[in-house]
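Q: I am new to this structure and would love a close look at a single part, with enough of the surroundings to make sense of what I see. Could you walk me through it in a friendly way?

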Amino acid sequence: MSREPIYLEVPLSKGGVEPLRTGDVVRLSGLLYAARDATHARIAEAIDKGEPLPFDPEGQVVYFTGPAPARPGHALGPAGPTTASRMDSYSPLLIERGLRGMVGKGLRSQEVRDAMRQHGCVYFGAVEGTAALLARRVKEAEIVAYEDLGAEAVRRLLVEEFPVVVINDMYGGDLYLEGRERWRRKVGEV
Amino acid sequence: MREVRVEDVTQAVSDLCIEANTRLPAGHLRALREGLEREESPLGREVIERLLENAEVAERECIAFCQDTGYAVFFAEVGTEVRFVGGELAEAIDEGVRRGYDEGYLRKSIVRSPIERTNTGDNTPAIVYYDLVPGDGLKLTMLVKGAGCDNMSALRMLTPAEGLTEMKRFVVETIERAGPNASPPLTVGVGIGGPFEKAAQLAKKALTRPSGEPNPDPELARIEEELLEEINATGIGPAGYGGRVTALAVHVESFPTHIAAFPVAVNLDCHSHRTASAEL
């Protein structure tokens, strides 16, 4: 794993995510699409009905977040990642359609990790309690669909060096498992 | 009887909402700094450093340090010699939440019903637990409760035979299961005793105790220490990336219970641990 940050431009190609490994520190620049629970439910419904999607997932990275309101002069209010597992039942639908990355926090299901391996997608972790810092990496924010969902509307974010870590790479690596095993000890053991 | 104007309650609640969401409590900041000294994992250290930096930026710019500005939970200690004038106490608290979440640029995260999920639009209703106490004081303690960590909380009705050993196992198991989802380093609230709902309420109230302040009961204080050591041996670490610091504090609260019961509730709070209190 690389401790020196790897700088990536989004949209990403499959070849762009292939070199990434669990534990790599990455800075994302370019586009992120903010979407969370209600947004994903609606996207799944649109897929089911054969209706157009709010954005083409090919090459894109989804950020699981619902920002707080922005103070005047800020592009976006505080926006840390929310728990990704709530999107587990929906994520494979986007991964099958070329989604290359997801930014969130917390464990993903086996189905999601299988889809990532099969289609070439990476799951990045961000730190929720750094929401104010993360918002500073967002230079522009625009609601592109589902405005009625408020904090859950689809937002297109232009980000600069957005700090993330690779949790699940395309090869079955899992930082949450590997990190825990590396640092687990017996009580009383120094 | 002392008269308290409900408008003053509303203003105090509004101020608490903004303060709690933009300024980490001193005890929690201290616990984070001490955690940074103990943490050996490079990624774990990086996470704690960024959390501290985020807290500085949030306070300086008066913005929320986490976008999930949560449920507005209040523990109200109401003196029996207080009379409220100008309106109802519960409405005054809701009005304060409405005002604070609007003026503080805080996210409105409450939906009308778990089934029909329309946002109430102003983060009300507040969740208020009232305690009648002697005297003419009024104390409001706010806990901003994010959902990510609340979702990973758990309650179990143990038997007296299972006892303390099983209680401790259940607390650690709850944290193992939560893993990264609850956004560690955690503050862990544990409630034991009472009937079913009392344990849950105690677990929540335990989170409002200043970070790391031990329970005055030496037996419970010892259990808190032992649990903290076991939790930090799990290796989950800051943000779940692996490390020594999975929890910053464990607070246990106990209440009498039934001869047939040993309820235990575990309420987790994430690294954005938010409390504030005011007296009127």
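A: Happily! Please keep in mind that this is a predicted model. Let's begin with chain A, which has 6 helices and 7 strands. Along the sequence these follow the pattern β-α-β-α-β-α-β-α-β-α-β-β-α. The radius of gyration of chain A is 16 Å, close to the 16 Å that the globule rule gives for 190 residues, so chain A is as compact as a globular protein of that length. Along the principal axes, its C-alpha atoms fill a box of roughly 55 × 40 × 30 Å. Of the 190 residues in chain A, 51% are buried. If you take the contacts in chain A with a separation of 6 or more, 61% of them come from residues 24 or more positions apart.

One residue of chain A makes a good stop on the way. A:V138 sits in strand 6 of chain A, which covers residues 138–145. Is A:V138 buried or exposed? A:V138 has 24 C-beta neighbours inside 10 Å, and because a residue is buried when 20 or more are found there, A:V138 counts as buried. Beyond its neighbours within four places in sequence, A:V138 is in contact with A:A75, A:L76, A:A79, A:L157 and A:V159. You can also look for A:L32: it is 106 residues from A:V138 in sequence, yet the C-alpha atoms of the two are 9.4 Å apart in space.

From here we can cross over to chain B. The contact between the chains takes 40 residues from chain A and 43 residues from chain B. On the side of chain A that touches chain B, the elements giving two or more residues are helix 5 (131–136) and helix 6 (175–183) of chain A. Helix 6 of chain A provides the largest share of that side, with 8 residues. Sorted by class, the side of chain A that touches chain B has 16 nonpolar, 13 polar and 11 charged residues.

Now for the close look, at a sheet in chain B and the helices beside it. Here 4 strands form an open sheet in the order 6-9-7-8, with mixed pairing. Strand 6 (154–158) and strand 8 (247–255) of chain B stand at the edges with a single partner strand each, so one side of each is left without a neighbour in the sheet. From one strand to the next, the twist averages 15°. Strand 6 of chain B pairs with strand 9 (residues 262–269) of chain B in the antiparallel sense, over 5 bridges. To see one of these partnerships, find B:R156, whose bridge partner in strand 9 of chain B is B:V264.

Next, bring helix 6 of chain B into view. This helix lies across strand 6, strand 7 (186–193) and strand 9 of chain B, and runs at about 30° to strand 9. Helix 6 (residues 163–178) of chain B also packs with helix 8 (residues 218–232) of chain B, at an angle of about 35° and with the axes 10 Å apart. The crossing of helix 6 of chain B with helix 8 of chain B is right-handed. Which residues meet there? From helix 6 of chain B come B:K168, B:V171, B:V172 and B:I175, and they meet B:E226, B:L227, B:E230 and B:I231 in helix 8 of chain B. By class, this helix contact has 5 nonpolar, no polar and 3 charged residues.

Technical notes: Residues numbered from 1 in each chain as written. Chains lettered and ligands numbered in written order. Predicted model: local features only at pLDDT ≥ 70, side-chain atom pairs only at ≥ 80, totals over all residues. Contact = placed C-beta atoms within 7 Å. Nonpolar A, V, L, I, M, F, W, Y, C, P; charged D, E, K, R; others polar. Axes fitted to C-alpha atoms, helices over the stretch in contact; angles between N-to-C directions. Left-handed = near helix turned anticlockwise from the far one by under 90°. Rg over C-alpha atoms; globule rule 2.2 N^0.38 Å. Buried ≥ 20, exposed ≤ 12 C-beta atoms within 10 Å, placed from the backbone. Pairing = 2+ DSSP bridges.
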